[in-house]
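Dear colleague,

I am handing over the structure we spoke about, and below it you will find notes on what turned up when I went through it. Please read them with the structure open beside you.

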Amino acid sequence: MARITYISPAGVKTTVEAEDGSTVMQTALRNNVDGIVGECGGNALCATCHVYVDEAQFAGLGPIVDFEEELLDCTSSPRKDTSRLSCQIPVTGAVDGLIVRLPETQE
Amino acid sequence: MAPSSLQDAAPVVVVGAGQGGLQVAASLREGGFAGPVTVVDTEPGLPYQRPPLSKAFLTDDGGRSRIELRSAAFFDEHGIGLRTGTGVVAIDRTAGKVALEQGEFLDYGHLVLATGATPRALPVPGADQAGVVVLRTLADATTLRGLLRGPARRVVIVGGGFIGLEVAAVAAKLGHQVTIVEVLPRLMARVASPELAAHVAEVHRDHGTEIVFGRCVVALRGAGGAVRAVELDDGTLLDADVVLVGIGAVPKTDLAVRAGLDVDNGVVVDGRLRTSDPAISAIGDCANYPSHHAGRRTRLESVQNAVDQARHVAARIITGSDEPYRAVPWFWTNQFDLRVQMVGIPQDQDERVVHGDQVTGRFSVFRFHDGRLNTVESVNRAPDHVGARKLLATDLRPTAEQVRRAAFKLDPRNFS
Ligand SMILES: Cc1cc2nc3c(=O)[nH]c(=O)nc-3n(C[C@H](O)[C@H](O)[C@H](O)COP(=O)(O)OP(=O)(O)OC[C@H]3O[C@@H](n4cnc5c(N)ncnc54)[C@H](O)[C@@H]3O)c2cc1C
Ligand code: FES
């Protein structure tokens with residue numbers, strides 16, 4: 001279990017309990033957090049689950065594999081240094097307290 | 001039609017809580033629809049995704065919560081009635097009611113059929129023995145997962161389509177000895193280009209899988225009620241402990257047929273996804289629709305198709321809009337480290353341009369029909385896929401000559 005906080009572009013915070021083995025994208029969908037689309041079901045194919053990870057926490061999430069790296073260049077809102085695809089962030093105890101900001105657009 | 005308001009929104013009933021049916025309900029609420037919404041499904045439990053059933057679910061220890069589309073709380077919070085474990089058995093179009101298995105009735109102002117498809121059965125003797133499986137539901141996947149656990153076994157895959165190939169990849173990775181039997185001379189013959197099909201075949205062979213082309217299965221031989229071998233039409237016997245039958249799916253149309261709706265390879269709908277009764281729509285795997293992109297009628301089986309058609313119908317119910325359905329079709333499949341994506345609908349005869357490198361396995365195939373780009377297949381080149389989806393949604397089409405230039409690049413941001 002981990003607690004994850006999603007912050008909308010307007011600054012609205014939603015904190016939810018995430019299940020181990022799930023992803024930050026799935027957790028948002030299951031809890032109906034707006035602003036993540038996840039059109040491809042978490043297969044790193046659509047770039048509609050883009051998030052900006054809190055700067056201090058970014059490095060702790062581990063490396064970005066090449067196919068995520070490529071797709072981060074296809075996001076609808078601009079890519080930043082802390083951009084990730086939330087379907088590629090697995091939920092484990094290690095992400096407890098994670099804060100992600102949602103971009104203006106996903107599609 | 002006036003937009004619905006709190007007072008006049010007539011109830012919507014959705015038959016099928018799969019990928020499409022669930023999306024209708026979710027999009028209705030997202031769009032502010034205030035009337036009653038009920039989704040009914042024969043299968044028990046919360047709605048789930050099917051794509052993982054032939055991929056990660058077979059090797060994961062994860063339970064169903066990992067593949068569920070929404071949590072139970074979602075339905076409560078959004079006032080969506082979810083009735084699972086009970087099927088719709090009849091539609092009374094005159095009264096505007098559907099009958100459920102237990103003899104209960106639900107009134108509808110609009111009815112959406114999202115009943116999906118059922119795997120085609122292998123029409124040969126012995127197909128009902130233990131060890132012979134199809135793959136559509138969570139129950140099927142749980143059975144298959146059980147069969148693939150344990151000692152290395154001989155797995156025969158009947159049909160070289162997407163589901164068969166995905167399971168073949170998982171089985172090979174688990175250490176089983178895998179043989180694929182495909183009646184046609186190449187894999188994914190209905191949709192994939194020869195270049196893509198050849199590459200996929202090579203990757204499977206590199207993992208030790210044998211592929212038998214041009215042969216069909218005539219019988220499944222067994223002992224004590226369990227399958228032991230697959231017999232081919234040239235007399236070959238392939239030893240088998242597990243046989244996965246992946247020879248396509250047939251649309252579930254029995255309800256529509258009994259209700260007197262037009263049915264022809266699926267429930268026939270118009271360009272707005274309305275059936276021959278305008279109070280009833282049909283979407284997803286069960287619907288035969290006139291495709292703008294193909295220029296003909298088609299029935300697609302993909303998450304994109306189910307989800308985009310669901311959104312379209314929800315928007316029409318809410319606003320009464322008469323917009324035609326025009327979403328660009330796309331699909332993906334994952335096998336080993338191959339991440340394959342297709343966008344568009346290919347035609348039989350086409351001209352093809354390959355970009356990238358078939359040796360390193362990162363390439364895209366641009367397919368042209370009558371000089372017009374209609375399909376892009378990408379292997380481990382997701383940016384091409386994203387770009388192609390945006391491109392095909394516009395009226396812009398590069399020529400084959402333009403694509404052939406080495407410098408040609410599909411930049412998604414050019415089309416956003
Ligand atoms: C193993 C597998 C892997 C797949 N992989 C991919 C993939 O990688 N990419 C991709 O794009 N697509 C994939 N697909 C296809 C995709 O899952 C389907 O196209 C999609 O689920 C279609 O959605 P649907 O709502 O039309 O049908 P479904 O999701 O099948 O839902 C139909 C529902 O209707 C219910 N139903 C039927 N009749 C009745 C009745 N009379 N009363 C009540 N309920 C009824 C059924 O129980 C079912 O739950 C895969 C499919 C399978 C089976
Ligand atoms: S959900 Fe599609 S890329 Fe993450």
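**Where chain B meets chain A**

A salt bridge links B:Arg362 to A:Glu70, and the closest N and O atoms of the pair are 2.6 Å apart. Please keep in mind throughout that this is a predicted model, and that the values quoted here are computed from it. Between chain B and chain A there are 3 salt bridges in the count, together with 8 residue pairs in polar contact, where both residues have a pLDDT of 80 or more. As for which parts of chain B are involved, the elements that give two or more residues to the side touching chain A are helix 7, strand 22 (330-335), strand 23 (338-344) and helix 8 (382-392) of chain B. Of these, helix 8 of chain B provides the largest share of that side, with 6 residues. Taken as a whole, the interface brings 27 residues of chain B into contact with 24 residues of chain A, and the area buried between the two chains is about 2200 Å², of which carbon and sulfur atoms give 44%.

**Helix 7 of chain B**

Helix 7 of chain B, which has been named above as one of the elements on the side that touches chain A, covers residues 303-319 and so has 17 residues by the DSSP assignment. From its first C-alpha to its last, helix 7 reaches 24 Å, close to the 24 Å expected at 1.5 Å a residue. Helix 7 is also mostly covered, in that 14 of its 17 residues are buried, and it is followed by B:Gly320, whose phi is positive, near 75 degrees.

**Two basic residues in one loop**

The loop between strand 2 (37-41) and helix 2 (72-77) of chain B holds B:Arg70, and B:Lys55 has its place in that loop between strand 2 and helix 2 as well. Are these side chains on buried or exposed residues? B:Arg70 has a relative accessible area of 8% and B:Lys55 has 14% relative accessibility, so both count as buried, the cut-off being under 20%.

Leaving aside neighbours within four places in sequence, B:Arg70 is in contact with residues of both chains, namely A:Leu29, A:Arg30, B:Leu22, B:Ala26, B:Leu46, B:Pro47 and B:Phe75. The C-alpha atom of B:Arg70 is separated by 7.8 Å from that of B:Tyr48, which is 22 residues apart from it along the chain. For B:Lys55, with the same neighbours left aside, the contacts are B:Glu166, B:Val170, B:Trp332 and B:Asn334, and the side chains of B:Lys55 and B:Glu166 are joined by a polar contact of 3.0 Å.

**Domains 2 and 3 of chain B**

Chain B is divided into domain 1 (12-118 + 250-319), domain 2 (121-247) and domain 3 (346-414). The C-alpha centres of domain 2 and domain 3 of chain B lie 31 Å apart, while 7 residues of domain 2 are in contact with 10 residues of domain 3. Between them these two domains bury about 700 Å², with 59% of it on carbon and sulfur atoms. B:Glu195, B:Leu196 and B:His199 supply 63% of the area that domain 2 buries against domain 3, more than any other three residues. The rule finds 1 salt bridge across this interface, and B:Glu195 also meets B:Arg352 in a salt bridge between their side chains (2.7 Å, N to O). The count of residue pairs in polar contact between the two domains is 3, both residues being at pLDDT 80 or more.

With best wishes

Notes. Residues are numbered from 1 along each chain as its sequence is written. Chains are lettered from A and ligands numbered from 1 in the order in which they are written. This is a predicted model: local features need pLDDT of at least 70, side-chain atom pairs count only at pLDDT 80 or more; totals for chains, interfaces and linings use all residues. Side-chain values use heavy atoms; hydrogens and water are left out. Helices (H or I, at least four residues) and strands (E, at least two) are DSSP runs, numbered from the N terminus. The expected span of a helix is 1.5 Å times one less than its number of residues. Buried means under 20% relative accessible area, exposed over 50%, partly exposed in between (1.4 Å probe, protein chains only). Contact means heavy atoms within 4.5 Å. Domain bounds come from an automatic or database domain assignment. Buried area is the accessible area (1.4 Å probe) that two parts lose on being put together, summed over both. A salt bridge is a side-chain nitrogen of Lys or Arg within 4 Å of a carboxyl oxygen of Asp or Glu. A polar contact is a pair of N or O atoms within 3.5 Å; within protein, one must be able to donate a hydrogen and the other to accept it, and residues adjacent in sequence count only if both atoms are side-chain atoms.
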